[in-house]
Each structure stands twice: as structure tokens, then as C-alpha cells.
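Notebook open, model loaded. I want to look up how the inside is packed and which rings sit together.

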Amino acid sequence: QLLATRTALGPADLVSEPTSTASGSAAFSWEANWYPVMPVSYADPVRPNGFTLLGKHLVLWKSADGWACVEDACPHRLAPLSTGRVTEEGTLMCRFHGWRFDDAGNCVEVPNADAGAAASLCGAPETCATSYPVQEVSGLLWVWPEAGLEGLGRSLLEEPAALGSGAQDWVMTVPPVSYESMVENSMDPSHAPHLHEGTFAASDMVPLTDYSAPAEPLGDEGFTVAHGGYTTKNDGMKATRTFRSPSFVDVNYELPSGKQQNFQLFFVPSTPFETRVITGLGLPQLPAWLPKRELLADLLHAFFFSRSALWRFNDQDRLVMQGQDRNQAADPDRRQAAW
């Protein structure tokens, strides 16, 4: 039904006028955005892949026509569909009573019903699983967490905020830290010499005197800040940090030596105190023709995560940000200083 409506009407016909704020600008919608929920290499193509996005429990699976996403709740008895299985036909089967769903969320089989009952149940609105738009871009699976025809229409009018990330390999972690703390941390380079002992040293710190925040209102699209060095090792560099809503951070360093460094990260809000962090390794994806490509990719990820310095670096961030979240949650009106 969604595909038929899309073909007949086109995306613009499905979208109503956006709501406005008191200032007259369009109100930002967290749901009306594309979010990368996992690298394709992390998704099991023959099993359901459960995850949480904006507090919604969802499940991805690879259907006969490509990746599909529905609410992780069977409309029959609300059993989690992520505990089910993917059939040979590419439908998602609920493990509780065997109901099967296609990539649009339509119920296509009720095994325990007779022919007459099954005919009335299959395709009925109340037996449909809530479906969400999904696409594969730049080696990532993206979900638009707004259901219905209007959500479909809006998703067709927008592109993922990949900022030319291109084809590369990605790694993902899911730390128990809020989205707000994760994004703010990524835009604050001055903490590195103090917090990340071992990677940096506080004795190497230089004052971060060059940090230009945008003069204009930030708006919904995002913003870029420029800054200089913060340690003796990168003093004199020219750096930019771009945040593109709702989840992309692109960091670029131009060192005095002329060397260029780029770090691409996605911070995807799962729950109030859990964020999916997807980091670009900066290495090209292994070509499909390469023998044992999946094994080599797994070895690359194992090497990346086996580095003790990486775990120490991430834990240093996590411990501080968890403390920030705890203290902020205890007093939501308490303001953090901007300097």
C-alpha cells in the first residue's frame, strides 16, 4: 500500500505543511530525520537485528527486496519480533505464534487460523506491524523513525547527513552515555590533554585561544567551529568541527607539517542514557571480489578494538560523561558553564 501510494502521488503529495515555532521558523522534528543505526557489516542478513532509536524499539531484517524495518512488537500479542526469524521467502516470522510479515509490515500468514479467518486477518490494518523507511548509504543502514504515509513522504524528500563520507569501513559502540554529552564532548577539544592521560599529557597542553563559534543562530542544519591546537604536538594547526543535525560530526585537522587528518562520527540517540556511536576508520571498504572479505573485515575490527589505548581513551570519556549525566539528571535546571 505504501509503495502504491508513493508511485501514484509522489513524495511531495504525502507531506503536510510543517508546524512553526513562535518565531515563525519551522519546528525541528527529531523523528523526521535519517539516522544511521548500524554499519551494514554489523547487521546479520539472515536474522532479525533489534535496536533502539529515540526510545523506539525497532527491528531490521533483510527481506527479498532489501533491508526492512518495523516496530519490534508483533501486533498480535506484542512479542518482540527481534526474537523471531527470517524465512526463506524473506518475511519476518514472530516466534510466539508464527505470524509472518513482509517488508511493508503487512501480515501475510497466520498459521493457526483457518482459511477464512486468515483471509480476513492478513492485510487488515490492525494486524500490520508499524513499518519505517530504511536505506543503505555509505556502508551504513539508515532508518527514518517516523511511520505512516507522511513519514514515507518526508523521507523521500531528504538525504542522509553523510557529508560525502563515501565508502569506508565503520566501527560501532553503544556506550551508556546521553546523546547530549556525547555530541558536546566531540565539539570540545580542550579536554583532551587533561582527560586522556596516556594518549596526551597535561604538561603538553597549550591554551586553546583560537575557537570561533558561529555568530549566527545555529539553526536546524548544524554549524561549524574553527579552532587551533591544544597541545605542543598540534600547536599551530588549523582545525574545523562540523555538526550536521541530527547526528553527524566531521572533524578535520590541517597540521603545521601539512598532514591532513579527518575523523567522522555519528552519535545516534537510543535512549536518554544510551547512544550508538559509529566511527569511520578512515580506511576504504574491502572490495567485494576480495577472497575471504568478511573474515578480513572482522580481523580489521578485532585489531581496532584490541588496542588497549583505544579502550582506555573511550573509558576516560565514558566515566566523565556518565558522571555529567548523573549530576545533570539530579538537577535538570542546573546550567553547565560555557567557558
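I started from L60, in what is a predicted model. Skipping neighbours within four places in sequence, I find L60 in contact with V37, M38, R47, P48, N49, F51, A68, C69, V134, L141 and V143.

Next I asked which residues have the most contacts inside the largest nonpolar core. They are F51, L60 and V143, in a core of 25 residues. So two of L60's partners, F51 and V143, turn up again here, going by the contact list and the core ranking, where contact is heavy atoms within 4.5 Å.

Then I checked which strands feed this core. At least two residues each come from β1 (35–39), β2 (49–53), β3 (56–63), β4 (66–71), β11 (140–143), β12 (170–173) and β17 (260–271). I noted β11 as the one that gives the most, with 4 residues.

There is another core apart from that one, and I logged it too: it has 19 residues, among them V177, V225, Y230 and Y253.

On to the rings. My count comes to 8 aromatic pairs. I picked out W142 and F266, which pair edge-to-face, 5.4 Å centre to centre with 90° between the planes. This pair links distant parts of the chain: W142 belongs to strand β11 and F266 to strand β17, 124 residues apart.

Are W142 and F266 buried or exposed? I looked, and both are buried.

Last entry: W142 and F266 are not on their own, as W170 and F248 join them in one aromatic cluster.

Conventions
Residues are numbered from 1 along each chain as its sequence is written. This is a predicted model: local features need pLDDT of at least 70, side-chain atom pairs count only at pLDDT 80 or more; totals for chains, interfaces and linings use all residues. Side-chain values use heavy atoms; hydrogens and water are left out. A nonpolar core is a set of buried Ala, Val, Leu, Ile, Met, Phe, Trp, Tyr and Cys residues joined through side-chain atoms within 4.5 Å. Buried means under 20% relative accessible area, exposed over 50%, partly exposed in between (1.4 Å probe, protein chains only). Rings of Phe, Tyr and Trp (its six-membered ring) pair if their centres lie within 6.5 Å; planes under 30 degrees apart count as stacked, over 60 as edge-to-face and the rest as tilted.
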